[in-house]
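Student: Hey, I've got a structure open and I'm a bit lost. Can we go through it together?
Tutor: Sure, pull it up and ask away.

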Amino acid sequence: MGDAIKKIQATGLMRKLMGAYFAELDQAATTRERKIAWCTSVGPAELLRSFGFLVYFPENHGAVLGSSRLAQELIPAANARGYSPDICSYLTSDIGSYLKGQTPLTKAFGMAGPPRPDVLVYNTNQCRDVQDWFGFYQREWDVPLIGIDTPRSLGDITRDHLDGLIAQHKALIPVLEEVSGVPFDLERLREVVASSYRCTLLWKQVLKLATHRPSPITFFDGTIHMGPAVVMRGLPQAEEYYEVLVAELEQRIADQAAAVDGERLRFYWEGMPVWGKLRDHAELFANQGTCVVASTYCNSWIFEPLGCDDPFEGMARSYTELFIVRSEEYKQRYLKSMCDDYAVDGIVYHDAKTCPNNSNCRYGLPQRLARETDVPYVIINGDLNDLRLYSEEQARTQFEALIEQLQASR
Amino acid sequence: MNKVFCGVDIGASATKLVLIDAAGQVLARVVRPSGVDYAGTARHCLETASEDAGADAAPACTVATGYGRDNVDFATEKRTEIHCHGAGCFHLAQRALSIIDIGGQDNKVIHLDDRGRLQEFKMNRKCAAGTGAFIEEIALRLGLGVAELDSLAAGTDDPVSLGSFCTVFAKTEILSHLRQGVPVEAIVRGAFVSVVDRIIEMDPLEGAVMATGGVVAHNPTIVEILAARLDRDVSVPESPQFTGALGAALTARGLFDDQPEGDT
Ligand code: SF4
């Protein structure tokens with residue numbers, strides 16, 4: 001069974017880089033020689049790096065808690081403190097991890113726990129939960145909590161939206177100067193944004209290679225290999241990593257080596273991964289000759305407007321033009337173009353109980369898109385981290401039935 | 001000896017097995033509780049069915065379906081319940097259909113086109129509301145056998161309303177109805193209405209509708225309530241509990257026919 005999943009050789013380099021990233025954070029947390037900022041995954045990381053902050057992303061920790069299935073033991077501890085089982089299970093896993101003093105970072109990187117921050121910085125572009133999540137730590141540690149409040153469900157993004165968001169980015173500067181002790185440096189910000197932009201282009205190139213038939217990469221690979229694009233964007237290591245990954249995947253294409261042997265069907269995954277079942281899902285699809293070639297999730301860390309001349313304009317647009325921030329009409333157009341670009345045969349929508357923000361099947365979108373494209377779909381009920389909300393049997397039956405349906409129609 | 005084809009549907013509560021001949025005629029049907037040893041139950045069903053059918057050779061091809069489809073060691077292939085219910089119902093109806101299958105643990109809605117091809121399907125959310133498990137729980141709370149429910153529900157036109165999605169809360173509601181002296185018939189009918197409500201929430205259910213599954217087999221009153229709600233006939237096949245196993249057997253026959261050396 002395990003053979004169905006093709007190992008990407010660059011994984012070793014990625015682990016090395018991630019190890020160094022966490023080691024640096026851990027050292028700073030111990031010596032307090034460098035300042036640490038916590039940032040939401042699509043928050044203003046470039047601005048923070050321009051002040052010399054080491055940037056830590058709690059959502060990455062959330063995903064690790066989910067993949068390791070430790071989340072199961074931790075979520076109830078947060079529930080018991082009043083954080084409902086119905087809210088973001090990254091939040092409840094992470095707060096549970098803090099309350100119980102348990103984290104997979106210990107085994108993986110020898111860390112006692114996540115590095116304690118000097119400042120907490122959020123952007124509500126993705127959800128309101130991140131603000132409440134960081135609010136917990138603000139009260140615990142009495143560190144500044146600052147952020148950007150982005151309007152959501154946006155159709156067109158107007159000049160007014162952008163001007164307001166640019167002003168909000170700039171309003172963070174005095175606090176960041178004070179905490180870091182470093183004056184704002186526009187040139188430094190330009191450099192970081194330029195590096196982040198180069199990372200984005202490389203990451204986009206990685207994902208676009210999946211338009212090739214057979215695809216050299218699956219969505220499940222993507223969820224692992226997006227790590228550097230999330231946590232190291234703005235650093236040269238991220239660029240270095242994706243150059244290596246792109247080369248390996250291009251070689252796969254040259255060798256006609258498929259990520260899924262005998263690729264017969266190509267699926268799109270809409271919504272978050274079920275982290276604790278990632279490997280099972282990867283094997284299930286691979287064993288049925290189905291490659292999940294693309295996803296909204298992995299594509300959400302492509303920030304092309306970072307390439308524009310003004311770094312503030314670039315950040316404001318990048319973090320607002322994202323899928324998760326947009327209207328249903330925009331999302332339908334986006335998914336339609338993904339179906340076309342990646343020649344998708346079927347769509348899996350993951351209705352993640354604790355993340356309505358990444359569950360795009362609650363307002364009739366799958367039905368409308370299916371009428372427009374004739375691409376069949378399934379909706380599985382589950383969750384990113386809380387496996388109490390996931391039924392293995394129902395998901396498996398639905399995946400297999402969609403595959404049967406498509407095979408029968410060929 | 002004529003060839004025999006086997007379909008076995010291992011559901012959460014019952015295992016159903018059907019043997020057919022090359023013409024698609026049913027030779028035997030067997031049902032028994034799935035228990036804990038799926039493989040053993042499936043073999044046992046096959047032995048009984050083979051005896052009933054007077055078949056002395058093993059089936060030429062077997063397809064397994066249902067939750068336990070991976071556990072049947074004598075199966076040639078497996079297919080999902082969605083596929084098999086579709087195949088079984090289309091064989092019987094020969095027309096475009098919306099199928100409602102009420103199983104022990106889940107409900108399904110399956111849409112077929114006029115050539116029997118699967119167009120769309122849905123399963124209930126991860127919850128026992130509206131399934132056979134819900135009805136079993138209600139029977140337990142009322143101290144009744146599941147076999148007694150249908151005639152009770154048929155005996156009244158005046159169901160109580162059970163407002164809760166949740167099986168456990170519905171049981172609490174039942175307690176309060178009992179305290180108020182509501183007749184048990186009204187409570188059972190209320191539970192049936194709640195099953196129908198859960199199904200109607202799943203899909204608009206356009207076109208011809210067929211109902212299948214063990215719950216339908218034992219509780220025709222549920223189908224009556226459903227038909228009244230939809231304001232349309234709801235057909236029920238002759239052995240509604242066996243459509244998945246029948247579809248599996250027909251699929252087995254199809255697979256055998258497709259083999260290049262199938263006739264040898
Ligand atoms: S977007 Fe969803 S998963 Fe991410 S932090 Fe917000 S609620 Fe949690």
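Student: Okay, chain B first. How many bridges join β4(B) to strand β5 of chain B, and do they run parallel or antiparallel?
Tutor: Two bridges join β4(B) to β5(B), which covers residues 77–78, and the two strands run parallel. Keep in mind that this is a predicted model.

Student: Got it. Which residue in β5(B) stands opposite B:V63?
Tutor: That's B:E77.

Student: And what about β1 of chain B, how many bridges join that one to β4(B)?
Tutor: Five bridges, and β1(B), residues 4–10, runs parallel to β4(B). B:V63 turns up here too, as the bridge partner of B:G7.

Student: So is β4(B) mostly covered or mostly open?
Tutor: Mostly covered: the strand spans residues 61–65, and five of its five residues are buried.

Student: Which residues sit on each side of β4(B)?
Tutor: B:C61, B:V63 and B:T65 are on one side, with B:T62 and B:A64 on the other. Both faces are covered.

Student: Why do the residues split up like that?
Tutor: In a regular strand, side chains alternate between the two faces of the sheet.

Student: Makes sense. Staying in chain B, where is B:C84?
Tutor: B:C84 is part of helix α2, which takes in residues 81–93 of chain B.

Student: Buried or exposed?
Tutor: Buried, because its relative accessible area is 0% and anything under 20% counts as buried.

Student: What does B:C84 touch?
Tutor: Setting aside residues up to four places away in sequence, B:C84 touches B:T65, B:R79, B:T243, B:G244, B:G247 and B:A248. You've met B:T65 already, as one of the buried residues of β4(B).

Student: How far is B:C84 from B:V234 in space?
Tutor: They're 20 Å apart, C-alpha to C-alpha, and 150 residues apart in sequence.

Student: Let's switch to chain A. How many helices and strands does it have?
Tutor: Chain A has 19 helices and eight strands. Its radius of gyration is 21 Å, close to the 22 Å from the globule rule for 410 residues, so chain A is as compact as a globular protein of that length.

Student: What size of box do its C-alpha atoms fill?
Tutor: Roughly 65 × 45 × 40 Å, going along the principal axes.

Student: And what share of chain A is buried?
Tutor: 62% of its 410 residues count as buried. As for the surface, chain A exposes about 15,300 Å², and carbon and sulfur atoms supply 50% of that.

Student: What about contacts between residues that are far apart in the sequence?
Tutor: Take the contacts in chain A with a separation of 6 or more: residues 24 or more positions apart account for 78% of them.

Student: Can you give me a residue to look at? Where is A:S327, say?
Tutor: A:S327 is in the loop between α16 (311–318) and α17 (328–341) of chain A. With a relative accessible area of 10%, A:S327 is buried.

Student: Which residues is A:S327 in contact with, leaving out its sequence neighbours?
Tutor: A:S153, A:L154 and A:G155, once you leave aside neighbours within four places in sequence. A:S153 is 174 residues away along the chain, yet the C-alpha atoms of A:S327 and A:S153 are separated by 4.2 Å.

Student: Nice. Where is A:N125 found?
Tutor: A:N125 is in another loop, between β3 (119–123) and α7 (129–141) of chain A. That residue is buried as well, with a relative accessible area of 0%. Beyond its neighbours within four places in sequence, A:N125 has contacts including A:V42, A:T150, A:R152 and A:Y319.

Student: Now the odd stuff. Which residues does a cis peptide bond join?
Tutor: A:R213 and A:P214, with omega about 0 degrees. A:P214 lies in the loop between α10 (186–208) and α11 (219–225) of chain A.

Student: What's the phi of A:Q256?
Tutor: Near 55 degrees, which is a positive value in a residue other than glycine. A:Q256 is in the loop between α13 (236–254) and β5 (265–270) of chain A, and is exposed at 53% relative accessible area.

Student: And A:D374, what's phi there?
Tutor: About 65 degrees, so to speak on the positive side, although A:D374 is not a glycine. You'll find A:D374 in the loop between α18 (365–373) and β8 (377–382) of chain A, and A:D374 counts as exposed at 67% relative accessibility.

Terms used:
Residues numbered from 1 in each chain as written. Chains lettered and ligands numbered in written order. Predicted model: local features only at pLDDT ≥ 70, side-chain atom pairs only at ≥ 80, totals over all residues. Heavy atoms only, no water. Helix = DSSP H or I, 4+ residues; strand = E, 2+ residues; numbered from the N terminus. Rg over C-alpha atoms; globule rule 2.2 N^0.38 Å. Buried < 20%, exposed > 50% of the residue type's maximum accessible area, 1.4 Å probe, protein only. Contact = heavy atoms within 4.5 Å. Areas by Shrake-Rupley, 256 points an atom, 1.4 Å probe, with all protein chains shown as cover. Pairing = 2+ DSSP bridges.
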